[in-house]
Amino acid sequence: MRQLVLAVCSLLCALGVGATRADDVDAFTKEHAARIAVGTCGICHGPAGVSKQPKYPLLAGQNANYLAAQLKAFRSQTRGDADAIGYMWGMSATLEDGTIDALSQYYAGQAAGTGRAGDSALVARGREIYQKGIEDVGVPSCATCHGPDAHGLADFPRLAGQHAQYVLKQLGSFQNNMRNVAVMHGVAQGLKVDEMRAVAAYLEAQP
Ligand code: HEC
Ligand code: HEC
């Protein structure tokens, strides 16, 4: 009997049955998350995830699996930097997995921001870096992972329309490992501050 239970269990596990994904959310949890999103998170991120202040990232239209991974990283205190610690470690500390999934799905389902035009020379320089990278110093094309229109690919986050100030700060935090992610550390390593500023201006301008 025990053998049978184990066999069935390993079969179900192999099929991924019982594994939760950000898109499996019951109605009660969904409603609970929408209340938190509007009443609590909305104070900074805006009720529908389109924040007005550049310190607070836009969440609307973001990839749900990416959002869930970030909330878990704040909760386990593995995503660092002063603002992550100061704002998000506390905000995420008591969120349960189901609520995290429902919040992530809530934001993924909101209409993304429309982008805001910036200095045209800076945006043009940023477009070149985004699409082609900077070969001499080993900076790869951002489009390979984040998509040609920066809407995200698979679990790589959407960057289009994101506040330039937030993007600039994240690139700095990847470079100095305060936000410790090997792949983005490798990408950001060769970027100078004015190049980060250009790519951030380009991204903010994208719909
Ligand atoms: C008091 C302001 C504040 C509140 C309230 C707040 N946040 Fe944040 N949030 C921030 C700041 C600031 C950052 C950027 C941290 C950084 O720079 O690393 C952030 C980052 C995030 C990110 C990462 C986004 C990305 O693109 O990587 C997610 C996801 C997030 N918040 C979700 C939430 C959720 C869900 C709630 C409610 C439970 C919430 N936040 C409440 C200020 C806030
Ligand atoms: C090899 C794939 C890859 C390439 C190339 C890449 N990225 Fe990323 N990027 C990622 C991954 C994965 C993440 C999510 C990191 C995490 O989980 O915290 C990310 C996250 C980011 C974030 C944080 C988004 C947020 O909402 O906080 C920014 C900003 C970013 N990348 C900008 C860039 C730029 C600019 C380039 C090109 C110079 C680039 N990336 C190239 C894989 C890549």
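This passage describes the surroundings of two ligands and the main nonpolar core in a predicted model.

The iron atom of ligand 1 has two protein donors, His-45 through NE2 and Met-88 through SD, at distances of 2.0 to 2.3 Å. Six donor atoms surround this iron atom, and because the angles between them run from 87 to 178°, the arrangement is octahedral. For six octahedral donors the ideal angles are 90 or 180 degrees. His-45 belongs to helix 2 (residues 27-45) and Met-88 to helix 4 (residues 82-92), so the pair links parts of the chain that are 43 residues apart in sequence. Buried means under 20% relative accessible area. His-45 has a relative accessibility of 10% and therefore counts as buried. Met-88, at 18%, also falls in the buried class.

Ligand 1 is surrounded by 25 residues, of which Cys-41, Cys-44, His-45, Met-88 and Lys-169 are the closest. Several side chains place an N or O atom at a short listed distance from the ligand. For His-45, the partner is a nitrogen atom of ligand 1, at 2.8 Å. Tyr-66 has a side-chain N or O atom 2.6 Å from an oxygen atom of ligand 1, and for Tyr-166 the corresponding distance to an oxygen atom of this ligand is 3.1 Å. Helix 2, helix 3, helix 4 and helix 8 each give two or more residues to the shell around ligand 1. By class, this shell contains 16 nonpolar, four polar and five charged residues.

Around ligand 2 there are 22 residues, and those that come nearest are Cys-142, Cys-145, His-146, Tyr-166 and Met-184. A polar side-chain atom of His-146 is 2.8 Å from a nitrogen atom of ligand 2. Oxygen atoms of ligand 2 are also approached: a polar side-chain atom of Tyr-66 lies 3.1 Å from one, and a side-chain N or O atom of Arg-179 lies 2.8 Å from an oxygen atom of the ligand. At least two residues of this shell come from each of helix 3 (64-75), helix 7 (143-146), helix 8 (164-175) and helix 9 (182-188). Helix 8 contributes the most, with five residues. The shell around ligand 2 consists of 17 nonpolar, four polar and one charged residues.

The largest nonpolar core comprises 25 residues, and those with the most contacts inside it include Ile-129, Ala-150, Leu-171 and Leu-203. Two or more of the core residues are supplied by each of helix 6 (120-132), helix 8, helix 9 and helix 10 (193-204). Helix 10 gives the most to this core, with seven residues.

Notes. Residues numbered from 1 in each chain as written. Chains lettered and ligands numbered in written order. Predicted model: local features only at pLDDT ≥ 70, side-chain atom pairs only at ≥ 80, totals over all residues. Heavy atoms only, no water. Donors = N, O, S within 2.8 Å, 3.2 Å for Na, K, Ca; no water. Tetrahedral: all angles 85-135°; square planar, octahedral: opposite > 155°, others 65-115°. Helix = DSSP H or I, 4+ residues; strand = E, 2+ residues; numbered from the N terminus. Buried < 20%, exposed > 50% of the residue type's maximum accessible area, 1.4 Å probe, protein only. Near = heavy atom within 4 Å. Polar contact = N/O pair within 3.5 Å; in protein donor to acceptor, adjacent residues only side chain to side chain. Nonpolar A, V, L, I, M, F, W, Y, C, P; charged D, E, K, R; others polar. Core = buried A, V, L, I, M, F, W, Y, C linked by side-chain atoms within 4.5 Å.
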